Amino acid sequence: MSFDSLGLDAKILQAIHEQNYTEPTPIQQQAIPVILSGKDLMASAQTGTGKTAGFGLPILQKLHEMQLKTVTKAEPRKGKRRLYALILAPTRELAAQIGENIRDYSRYLAIRSLVVFGGVSINPQMMKLRGGVDILIATPGRLLDLVHQNAVDLSSVKVLVLDEADRMLDMGFIHDIRRVIAKLPKKRQNLMFSATFSDDIKALAQTILKSPESVAVAKTNSASEQITQYVHRVDKRRKRELLSYLIGKNQWQQVLIFTRTKYGANHLAEQLTKDGIKASAIHGNKSQGARTKALADFKNGQIRALVATDIAARGLDIELLPYVVNYELPQVAEDYVHRIGRTGRAQNQGQAISLVCIDELAQLKSIEKLIKKPIPEIFTQGFEVDPRIKAEPVKKATAKGAPAKRRRVDKTRTPKNNQNSMKQSSHHTYSKTN
Ligand code: AMP
(Lines give C-alpha, C1' and ligand atoms only; values in the text may rest on other atoms or scores of the structure.)
Protein backbone atom coordinates (compact mmCIF):
# COMPACT_ATOMS: atom_id res chain seq x y z
CA MET A 1 0.00 0.00 0.00
CA SER A 2 1.27 3.47 -0.82
CA PHE A 3 0.47 6.90 0.60
CA ASP A 4 -0.95 7.87 -2.82
CA SER A 5 -3.95 5.60 -2.32
CA LEU A 6 -5.05 7.27 0.91
CA GLY A 7 -6.58 10.34 -0.70
CA LEU A 8 -4.12 12.91 0.65
CA ASP A 9 -3.38 16.18 -1.11
CA ALA A 10 -0.27 16.42 -3.29
CA LYS A 11 1.18 19.04 -0.95
CA ILE A 12 0.92 16.65 1.98
CA LEU A 13 2.36 13.81 -0.10
CA GLN A 14 5.29 16.02 -1.01
CA ALA A 15 5.99 16.72 2.66
CA ILE A 16 5.75 13.01 3.52
CA HIS A 17 8.08 12.21 0.67
CA GLU A 18 10.61 14.61 2.10
CA GLN A 19 10.41 12.76 5.41
CA ASN A 20 11.47 9.66 3.46
CA TYR A 21 8.32 7.77 4.40
CA THR A 22 7.82 5.31 1.58
CA GLU A 23 4.69 3.52 2.75
CA PRO A 24 2.14 4.03 5.49
CA THR A 25 2.67 2.07 8.71
CA PRO A 26 -0.13 -0.31 9.79
CA ILE A 27 -1.68 2.22 12.13
CA GLN A 28 -1.62 4.81 9.37
CA GLN A 29 -3.22 2.42 6.90
CA GLN A 30 -6.02 1.72 9.34
CA ALA A 31 -6.54 5.09 11.00
CA ILE A 32 -6.27 7.51 8.09
CA PRO A 33 -9.37 6.31 6.17
CA VAL A 34 -11.44 6.20 9.39
CA ILE A 35 -10.46 9.75 10.33
CA LEU A 36 -11.05 11.05 6.80
CA SER A 37 -14.53 9.52 6.91
CA GLY A 38 -15.33 11.67 9.94
CA LYS A 39 -15.86 8.81 12.39
CA ASP A 40 -14.65 8.70 15.97
CA LEU A 41 -11.68 6.45 16.55
CA MET A 42 -10.28 4.42 19.38
CA ALA A 43 -6.76 3.40 18.41
CA SER A 44 -4.52 1.08 20.27
CA ALA A 45 -1.01 2.10 19.33
CA GLN A 46 2.15 3.00 21.14
CA THR A 47 4.72 5.62 20.33
CA GLY A 48 6.94 4.28 17.59
CA THR A 49 4.12 2.97 15.43
CA GLY A 50 3.79 6.16 13.40
CA LYS A 51 0.57 7.14 15.17
CA THR A 52 1.32 10.86 15.04
CA ALA A 53 1.12 10.87 11.25
CA GLY A 54 -1.81 8.47 11.64
CA PHE A 55 -3.92 11.27 13.08
CA GLY A 56 -1.85 14.26 11.88
CA LEU A 57 -2.10 13.62 8.16
CA PRO A 58 -5.89 13.18 7.91
CA ILE A 59 -6.44 16.20 10.18
CA LEU A 60 -4.27 18.29 7.87
CA GLN A 61 -6.13 16.91 4.85
CA LYS A 62 -9.55 17.78 6.26
CA LEU A 63 -8.45 21.20 7.40
CA HIS A 64 -6.87 21.89 4.02
CA GLU A 65 -10.06 20.86 2.22
CA MET A 66 -12.08 23.14 4.47
CA GLN A 67 -9.75 26.02 3.72
CA LEU A 68 -10.07 25.38 -0.02
CA LYS A 69 -13.83 25.59 0.29
CA THR A 70 -13.98 28.71 2.41
CA VAL A 71 -10.95 30.68 1.30
CA THR A 72 -10.59 31.49 -2.37
CA LYS A 73 -8.10 33.73 -4.08
CA ALA A 74 -10.83 36.23 -4.83
CA GLU A 75 -11.93 36.18 -1.24
CA PRO A 76 -8.98 35.63 1.07
CA ARG A 77 -9.32 34.61 4.69
CA LYS A 78 -11.30 37.07 6.75
CA GLY A 79 -10.52 37.67 10.41
CA LYS A 80 -8.38 35.49 12.56
CA ARG A 81 -7.95 31.75 12.27
CA ARG A 82 -10.31 29.71 14.37
CA LEU A 83 -9.03 26.67 16.19
CA TYR A 84 -9.83 23.54 14.17
CA ALA A 85 -8.03 20.71 15.96
CA LEU A 86 -7.04 20.31 19.59
CA ILE A 87 -4.45 17.66 20.39
CA LEU A 88 -3.96 16.83 24.07
CA ALA A 89 -0.79 15.05 25.18
CA PRO A 90 0.37 14.07 28.68
CA THR A 91 3.90 15.45 28.62
CA ARG A 92 5.70 18.41 27.18
CA GLU A 93 8.10 16.12 25.36
CA LEU A 94 5.30 14.37 23.55
CA ALA A 95 3.51 17.63 22.82
CA ALA A 96 6.70 19.09 21.38
CA GLN A 97 7.29 16.01 19.27
CA ILE A 98 3.77 16.05 17.87
CA GLY A 99 4.12 19.75 17.12
CA GLU A 100 7.34 19.14 15.25
CA ASN A 101 5.78 16.39 13.16
CA ILE A 102 2.70 18.47 12.36
CA ARG A 103 4.93 21.32 11.25
CA ASP A 104 6.88 18.98 9.00
CA TYR A 105 3.76 17.50 7.42
CA SER A 106 2.10 20.91 6.91
CA ARG A 107 5.14 22.54 5.41
CA TYR A 108 3.40 23.23 2.09
CA LEU A 109 0.00 24.11 3.52
CA ALA A 110 -1.32 27.43 4.81
CA ILE A 111 -1.83 25.95 8.25
CA ARG A 112 -0.62 27.34 11.53
CA SER A 113 0.02 25.08 14.50
CA LEU A 114 1.24 25.84 18.00
CA VAL A 115 2.51 23.80 20.94
CA VAL A 116 1.77 24.90 24.52
CA PHE A 117 2.82 23.25 27.76
CA GLY A 118 3.45 24.16 31.38
CA GLY A 119 6.71 24.82 33.18
CA VAL A 120 7.59 27.73 30.91
CA SER A 121 6.34 31.32 30.80
CA ILE A 122 2.73 31.59 29.65
CA ASN A 123 3.04 35.06 28.10
CA PRO A 124 4.79 34.14 24.85
CA GLN A 125 2.17 31.41 24.34
CA MET A 126 -0.61 33.94 24.85
CA MET A 127 1.00 36.27 22.33
CA LYS A 128 1.22 33.56 19.72
CA LEU A 129 -2.38 32.51 20.29
CA ARG A 130 -3.52 36.05 19.68
CA GLY A 131 -2.82 35.73 15.98
CA GLY A 132 -4.99 32.60 15.82
CA VAL A 133 -3.94 29.01 15.17
CA ASP A 134 -5.53 26.11 13.30
CA ILE A 135 -4.06 23.29 15.33
CA LEU A 136 -3.17 23.49 19.00
CA ILE A 137 -1.09 20.81 20.68
CA ALA A 138 -1.29 21.14 24.46
CA THR A 139 -0.80 19.54 27.83
CA PRO A 140 -4.11 19.69 29.73
CA GLY A 141 -3.07 21.89 32.69
CA ARG A 142 -1.53 24.64 30.62
CA LEU A 143 -4.42 24.59 28.19
CA LEU A 144 -6.85 25.22 31.06
CA ASP A 145 -4.69 28.11 32.29
CA LEU A 146 -4.85 29.62 28.82
CA VAL A 147 -8.59 29.08 28.61
CA HIS A 148 -9.07 30.79 31.98
CA GLN A 149 -7.05 33.74 30.76
CA ASN A 150 -9.27 33.93 27.69
CA ALA A 151 -6.21 33.37 25.54
CA VAL A 152 -7.79 30.51 23.64
CA ASP A 153 -11.32 29.93 22.40
CA LEU A 154 -12.31 26.26 22.15
CA SER A 155 -15.78 26.83 20.73
CA SER A 156 -14.75 26.22 17.11
CA VAL A 157 -12.89 22.91 17.63
CA LYS A 158 -13.92 20.26 15.11
CA VAL A 159 -11.45 17.52 16.00
CA LEU A 160 -10.21 16.44 19.43
CA VAL A 161 -7.25 14.08 19.81
CA LEU A 162 -6.34 12.47 23.13
CA ASP A 163 -2.87 11.08 22.65
CA GLU A 164 -1.42 8.55 25.10
CA ALA A 165 -4.72 8.63 26.95
CA ASP A 166 -3.58 5.91 29.36
CA ARG A 167 -0.63 7.99 30.43
CA MET A 168 -2.85 11.01 30.89
CA LEU A 169 -5.01 9.06 33.30
CA ASP A 170 -1.95 7.69 35.11
CA MET A 171 -0.71 11.22 35.54
CA GLY A 172 -3.99 12.33 37.08
CA PHE A 173 -5.24 14.47 34.19
CA ILE A 174 -8.74 13.07 34.15
CA HIS A 175 -10.40 16.11 35.73
CA ASP A 176 -8.48 18.51 33.52
CA ILE A 177 -9.50 16.52 30.47
CA ARG A 178 -13.13 16.61 31.49
CA ARG A 179 -12.94 20.37 32.11
CA VAL A 180 -11.45 20.89 28.65
CA ILE A 181 -14.06 18.69 27.01
CA ALA A 182 -16.86 20.63 28.71
CA LYS A 183 -15.67 23.68 26.81
CA LEU A 184 -15.69 22.03 23.40
CA PRO A 185 -18.64 22.07 21.01
CA LYS A 186 -20.77 18.94 21.34
CA LYS A 187 -20.54 18.16 17.66
CA ARG A 188 -16.97 17.20 16.93
CA GLN A 189 -14.81 14.27 15.90
CA ASN A 190 -12.98 12.46 18.71
CA LEU A 191 -9.82 10.43 18.31
CA MET A 192 -8.33 8.54 21.19
CA PHE A 193 -4.93 6.86 21.20
CA SER A 194 -3.77 4.63 24.00
CA ALA A 195 -1.14 1.94 24.42
CA THR A 196 -3.34 -0.07 26.77
CA PHE A 197 -7.01 -0.36 27.54
CA SER A 198 -7.68 -0.48 31.25
CA ASP A 199 -11.18 -0.17 32.68
CA ASP A 200 -10.54 3.52 33.31
CA ILE A 201 -9.60 4.08 29.68
CA LYS A 202 -12.68 2.19 28.52
CA ALA A 203 -14.85 4.29 30.81
CA LEU A 204 -13.29 7.47 29.48
CA ALA A 205 -13.71 6.28 25.89
CA GLN A 206 -17.35 5.54 26.52
CA THR A 207 -18.04 9.04 27.72
CA ILE A 208 -16.09 10.76 24.94
CA LEU A 209 -16.33 8.67 21.79
CA LYS A 210 -19.49 8.19 19.77
CA SER A 211 -19.79 4.83 17.96
CA PRO A 212 -16.03 4.68 17.44
CA GLU A 213 -14.19 2.49 14.99
CA SER A 214 -11.38 0.68 16.72
CA VAL A 215 -8.00 -0.10 15.28
CA ALA A 216 -5.02 -1.71 16.93
CA VAL A 217 -1.39 -2.41 16.24
CA ALA A 218 1.43 -3.76 18.33
CA LYS A 219 4.64 -1.85 18.57
CA THR A 220 6.86 -3.61 16.10
CA ASN A 221 4.21 -5.28 14.06
CA SER A 222 0.50 -5.64 13.71
CA ALA A 223 -0.12 -9.19 14.81
CA SER A 224 3.06 -9.70 12.90
CA GLU A 225 4.46 -12.61 10.99
CA GLN A 226 7.21 -12.67 13.59
CA ILE A 227 4.71 -13.84 16.16
CA THR A 228 3.20 -17.25 15.63
CA GLN A 229 -0.20 -17.26 17.22
CA TYR A 230 -2.17 -20.28 18.32
CA VAL A 231 -5.38 -20.98 20.10
CA HIS A 232 -5.57 -24.08 22.27
CA ARG A 233 -9.14 -24.92 23.22
CA VAL A 234 -9.31 -26.44 26.67
CA ASP A 235 -11.80 -26.77 29.49
CA LYS A 236 -11.42 -24.08 32.12
CA ARG A 237 -10.74 -26.52 34.94
CA ARG A 238 -7.87 -28.11 33.05
CA LYS A 239 -6.06 -24.96 31.98
CA ARG A 240 -3.43 -25.07 34.69
CA GLU A 241 -2.70 -28.71 34.10
CA LEU A 242 -2.32 -28.06 30.37
CA LEU A 243 -0.08 -25.05 30.96
CA SER A 244 2.27 -26.98 33.24
CA TYR A 245 2.31 -29.75 30.69
CA LEU A 246 3.13 -27.44 27.79
CA ILE A 247 5.90 -25.69 29.72
CA GLY A 248 7.43 -29.02 30.73
CA LYS A 249 7.08 -30.86 27.49
CA ASN A 250 8.27 -28.04 25.28
CA GLN A 251 10.94 -27.05 27.78
CA TRP A 252 9.96 -23.42 27.73
CA GLN A 253 12.52 -21.61 29.82
CA GLN A 254 10.98 -18.15 29.74
CA VAL A 255 7.27 -17.67 29.40
CA LEU A 256 5.13 -14.65 30.19
CA ILE A 257 1.60 -15.62 31.20
CA PHE A 258 -1.36 -13.28 31.32
CA THR A 259 -4.29 -13.61 33.66
CA ARG A 260 -7.21 -11.24 33.99
CA THR A 261 -7.09 -10.65 37.72
CA LYS A 262 -4.45 -10.10 40.38
CA TYR A 263 -5.98 -12.95 42.35
CA GLY A 264 -5.70 -15.21 39.33
CA ALA A 265 -2.06 -14.22 38.80
CA ASN A 266 -1.11 -15.06 42.40
CA HIS A 267 -3.03 -18.28 42.40
CA LEU A 268 -1.57 -19.50 39.13
CA ALA A 269 1.99 -18.63 40.16
CA GLU A 270 1.50 -20.67 43.35
CA GLN A 271 0.09 -23.62 41.45
CA LEU A 272 2.85 -23.60 38.85
CA THR A 273 5.39 -23.56 41.67
CA LYS A 274 3.66 -26.62 43.15
CA ASP A 275 3.96 -28.27 39.75
CA GLY A 276 7.71 -27.72 39.95
CA ILE A 277 7.87 -24.72 37.62
CA LYS A 278 9.52 -21.71 39.19
CA ALA A 279 7.01 -18.92 38.87
CA SER A 280 6.27 -15.47 40.20
CA ALA A 281 3.39 -13.05 39.84
CA ILE A 282 3.54 -9.33 39.17
CA HIS A 283 0.55 -7.10 39.57
CA GLY A 284 -0.55 -3.79 41.01
CA ASN A 285 -0.86 -5.04 44.60
CA LYS A 286 2.80 -5.99 44.77
CA SER A 287 5.34 -3.47 45.94
CA GLN A 288 7.61 -1.90 43.35
CA GLY A 289 10.51 -3.75 44.99
CA ALA A 290 8.78 -7.13 44.63
CA ARG A 291 7.91 -6.40 41.02
CA THR A 292 11.44 -5.33 40.16
CA LYS A 293 12.84 -8.47 41.77
CA ALA A 294 10.39 -10.76 40.00
CA LEU A 295 11.25 -9.18 36.69
CA ALA A 296 15.00 -9.38 37.33
CA ASP A 297 14.67 -13.07 38.32
CA PHE A 298 12.66 -13.71 35.16
CA LYS A 299 15.21 -11.99 32.96
CA ASN A 300 18.18 -13.80 34.45
CA GLY A 301 16.49 -17.19 34.22
CA GLN A 302 15.85 -17.89 37.90
CA ILE A 303 12.13 -17.83 37.23
CA ARG A 304 10.69 -19.67 34.27
CA ALA A 305 7.16 -18.34 34.33
CA LEU A 306 6.12 -14.79 35.06
CA VAL A 307 2.40 -14.39 35.60
CA ALA A 308 1.13 -10.87 35.00
CA THR A 309 -2.01 -8.81 34.68
CA ASP A 310 -2.36 -6.43 31.73
CA ILE A 311 -1.60 -3.34 33.74
CA ALA A 312 1.46 -4.82 35.45
CA ALA A 313 2.90 -5.94 32.14
CA ARG A 314 2.79 -2.44 30.72
CA GLY A 315 6.14 -1.18 29.71
CA LEU A 316 7.76 -4.55 30.43
CA ASP A 317 10.57 -4.81 27.98
CA ILE A 318 12.02 -8.27 28.01
CA GLU A 319 14.52 -8.84 25.30
CA LEU A 320 14.11 -12.00 23.27
CA LEU A 321 11.00 -13.12 25.15
CA PRO A 322 10.07 -16.25 23.22
CA TYR A 323 6.67 -17.26 24.66
CA VAL A 324 3.54 -15.50 25.72
CA VAL A 325 0.55 -17.44 27.05
CA ASN A 326 -2.89 -15.97 27.44
CA TYR A 327 -4.13 -18.07 30.32
CA GLU A 328 -7.33 -16.10 30.04
CA LEU A 329 -8.25 -13.93 27.10
CA PRO A 330 -8.46 -10.22 27.84
CA GLN A 331 -11.89 -8.61 28.04
CA VAL A 332 -10.88 -6.05 25.45
CA ALA A 333 -9.56 -7.29 22.14
CA GLU A 334 -6.96 -4.52 21.86
CA ASP A 335 -5.21 -5.82 24.96
CA TYR A 336 -4.56 -9.09 23.12
CA VAL A 337 -2.45 -7.25 20.56
CA HIS A 338 -0.44 -5.59 23.30
CA ARG A 339 0.02 -8.83 25.17
CA ILE A 340 1.36 -10.74 22.21
CA GLY A 341 3.45 -7.72 21.22
CA ARG A 342 5.67 -8.55 24.20
CA THR A 343 7.19 -11.34 22.17
CA GLY A 344 8.56 -11.36 18.63
CA ARG A 345 10.21 -8.00 19.14
CA ALA A 346 13.06 -6.59 17.13
CA GLN A 347 13.09 -9.23 14.43
CA ASN A 348 12.95 -12.16 16.83
CA GLN A 349 10.51 -14.97 16.47
CA GLY A 350 7.92 -15.37 19.16
CA GLN A 351 5.04 -17.64 19.96
CA ALA A 352 1.76 -16.61 21.54
CA ILE A 353 -0.63 -19.29 22.74
CA SER A 354 -4.10 -18.57 24.05
CA LEU A 355 -5.80 -21.14 26.25
CA VAL A 356 -9.44 -20.68 25.43
CA CYS A 357 -12.36 -22.27 27.25
CA ILE A 358 -15.92 -22.34 26.08
CA ASP A 359 -16.81 -19.18 28.02
CA GLU A 360 -14.24 -17.18 26.07
CA LEU A 361 -15.35 -17.91 22.53
CA ALA A 362 -17.01 -14.51 22.13
CA GLN A 363 -13.79 -12.78 23.21
CA LEU A 364 -11.83 -14.91 20.77
CA LYS A 365 -14.19 -13.86 18.00
CA SER A 366 -13.70 -10.18 18.68
CA ILE A 367 -9.92 -10.63 18.78
CA GLU A 368 -9.95 -12.37 15.40
CA LYS A 369 -12.13 -9.59 14.04
CA LEU A 370 -9.68 -7.00 15.30
CA ILE A 371 -6.56 -8.67 13.90
CA LYS A 372 -8.54 -9.50 10.77
CA LYS A 373 -7.58 -13.15 10.62
CA PRO A 374 -8.46 -16.39 12.32
CA ILE A 375 -5.93 -17.75 14.79
CA PRO A 376 -4.95 -21.35 14.02
CA GLU A 377 -5.89 -23.97 16.58
CA ILE A 378 -3.58 -26.53 18.11
CA PHE A 379 -4.54 -29.56 20.18
CA THR A 380 -2.90 -31.74 22.77
CA GLN A 381 -3.95 -35.32 23.07
CA GLY A 382 -5.66 -35.93 26.36
CA PHE A 383 -6.76 -32.32 26.72
CA GLU A 384 -9.68 -32.39 24.33
CA VAL A 385 -12.62 -30.24 25.36
CA ASP A 386 -15.48 -32.02 27.04
CA PRO A 387 -18.54 -31.42 24.84
CA ARG A 388 -20.80 -31.82 27.87
CA ILE A 389 -19.50 -28.62 29.44
CA LYS A 390 -21.65 -25.68 28.44
CA ALA A 391 -20.78 -21.99 28.51
CA GLU A 392 -21.40 -20.21 31.78
CA PRO A 393 -22.51 -16.64 32.18
CA VAL A 394 -19.58 -14.30 32.85
CA LYS A 395 -18.88 -14.37 36.55
CA LYS A 396 -18.68 -11.22 38.57
CA ALA A 397 -15.47 -10.68 40.53
CA THR A 398 -15.80 -10.16 44.27
CA ALA A 399 -14.42 -7.06 45.97
CA LYS A 400 -11.03 -8.71 46.40
CA GLY A 401 -10.82 -9.74 42.80
CA ALA A 402 -11.40 -13.40 43.61
CA PRO A 403 -13.85 -15.07 41.29
CA ALA A 404 -17.28 -15.71 42.74
CA LYS A 405 -17.97 -19.31 43.69
CA ARG A 406 -19.13 -21.61 40.93
CA ARG A 407 -22.79 -22.11 41.11
CA ARG A 408 -22.92 -25.07 38.81
CA VAL A 409 -21.21 -28.25 39.95
CA ASP A 410 -19.73 -30.25 37.16
CA LYS A 411 -20.52 -33.85 37.87
CA THR A 412 -19.17 -35.21 34.64
CA ARG A 413 -15.72 -35.86 36.06
CA THR A 414 -14.87 -37.87 39.09
CA PRO A 415 -11.88 -37.02 41.27
CA LYS A 416 -10.37 -40.29 40.16
CA ASN A 417 -10.55 -39.20 36.53
CA ASN A 418 -8.82 -36.00 37.38
CA GLN A 419 -6.05 -37.72 39.22
CA ASN A 420 -5.51 -39.99 36.31
CA SER A 421 -5.22 -37.23 33.81
CA MET A 422 -2.87 -35.26 36.09
CA LYS A 423 -0.68 -38.28 36.46
CA GLN A 424 -0.61 -38.97 32.78
CA SER A 425 0.19 -35.42 31.83
CA SER A 426 2.91 -35.05 34.41
CA HIS A 427 4.51 -38.16 33.00
CA HIS A 428 4.20 -36.74 29.52
CA THR A 429 2.28 -39.67 28.21
CA TYR A 430 0.67 -37.30 25.75
CA SER A 431 3.17 -36.02 23.36
CA LYS A 432 1.42 -34.24 20.53
CA THR A 433 1.11 -30.49 20.83
CA ASN A 434 0.93 -29.52 17.24
P1 AMP B 1 5.32 8.03 16.23
O2 AMP B 1 4.80 6.68 16.63
O3 AMP B 1 4.27 8.89 15.66
O4 AMP B 1 6.06 8.69 17.36
O5 AMP B 1 6.38 7.82 15.05
C6 AMP B 1 7.57 7.11 15.22
C7 AMP B 1 8.61 7.43 14.18
O8 AMP B 1 8.23 6.87 12.93
C9 AMP B 1 8.79 8.93 13.93
O10 AMP B 1 10.17 9.16 13.90
C11 AMP B 1 8.19 9.16 12.57
O12 AMP B 1 8.86 10.20 11.89
C13 AMP B 1 8.38 7.84 11.88
N14 AMP B 1 7.35 7.50 10.87
C15 AMP B 1 6.03 7.77 10.93
N16 AMP B 1 5.41 7.30 9.84
C17 AMP B 1 6.33 6.70 9.07
C18 AMP B 1 6.29 6.01 7.81
N19 AMP B 1 5.16 5.84 7.14
N20 AMP B 1 7.44 5.53 7.32
C21 AMP B 1 8.60 5.69 8.01
N22 AMP B 1 8.71 6.33 9.19
C23 AMP B 1 7.59 6.83 9.73
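## Exercises on the ligand shell and helix packing

Of the 13 residues around the ligand, those that come nearest are Tyr21, Gln28, Gly48, Gly50 and Thr52. The model is predicted.

**Exercise 1.** Which polar atoms of Tyr21, Gln28 and Gly50 lie by the ligand, and at what distances?

*Solution.*
Step 1. Start with the side chains. Tyr21 has a side-chain N or O atom 2.4 Å from an oxygen atom of the ligand. For Gln28, a side-chain N or O atom is 2.7 Å from a nitrogen atom of the ligand.
Step 2. Turn to the backbone. A polar backbone atom of Gly50 is 2.8 Å from an oxygen atom of the ligand.
Step 3. Add the cover. On its own the ligand has 490 Å² of accessible area, and the protein covers 72% of this.

**Exercise 2.** How many nonpolar, polar and charged residues does the shell around the ligand have?

*Solution.* Sorted by class, the shell holds eight polar, three nonpolar and two charged residues.

**Exercise 3.** How are helix 2 and helix 3 oriented to each other, and what is the hand of their crossing?

*Solution.*
Step 1. Take the geometry. Helix 2 covers residues 26–36 and helix 3 residues 51–70; their axes come within 8 Å and cross at roughly 30°.
Step 2. Assign the class. Angles under 35 degrees count as roughly parallel, so helix 2 is roughly parallel to helix 3.
Step 3. Give the hand. Helix 2 and helix 3 cross in a right-handed sense.

**Exercise 4.** Classify the packing of helix 13 (residues 333–340) with helix 14 (residues 361–371).

*Solution.*
Step 1. The axes of helix 13 and helix 14 are 8 Å apart, at an angle of about 70°.
Step 2. The range from 65 to 115 degrees counts as roughly perpendicular, so helix 13 is roughly perpendicular to helix 14.
Step 3. The crossing of these two helices, 13 and 14, is right-handed.

**Exercise 5.** Classify the packing of helix 6 (residues 140–148) with helix 8 (residues 174–182).

*Solution.*
Step 1. Helix 6 and helix 8 have axes 9 Å apart and pack at about 40°.
Step 2. That angle makes helix 6 oblique to helix 8.
Step 3. Helix 6 crosses helix 8 in a left-handed manner.

Definitions and conventions. Residues numbered from 1 in each chain as written. Predicted model: local features only at pLDDT ≥ 70, side-chain atom pairs only at ≥ 80, totals over all residues. Heavy atoms only, no water. Near = heavy atom within 4 Å. Polar contact = N/O pair within 3.5 Å; in protein donor to acceptor, adjacent residues only side chain to side chain. Areas by Shrake-Rupley, 256 points an atom, 1.4 Å probe, with all protein chains shown as cover. Nonpolar A, V, L, I, M, F, W, Y, C, P; charged D, E, K, R; others polar. Axes fitted to C-alpha atoms, helices over the stretch in contact; angles between N-to-C directions. Helix = DSSP H or I, 4+ residues; strand = E, 2+ residues; numbered from the N terminus. Parallel < 35°, antiparallel > 145°, perpendicular 65-115°, else oblique. Left-handed = near helix turned anticlockwise from the far one by under 90°.
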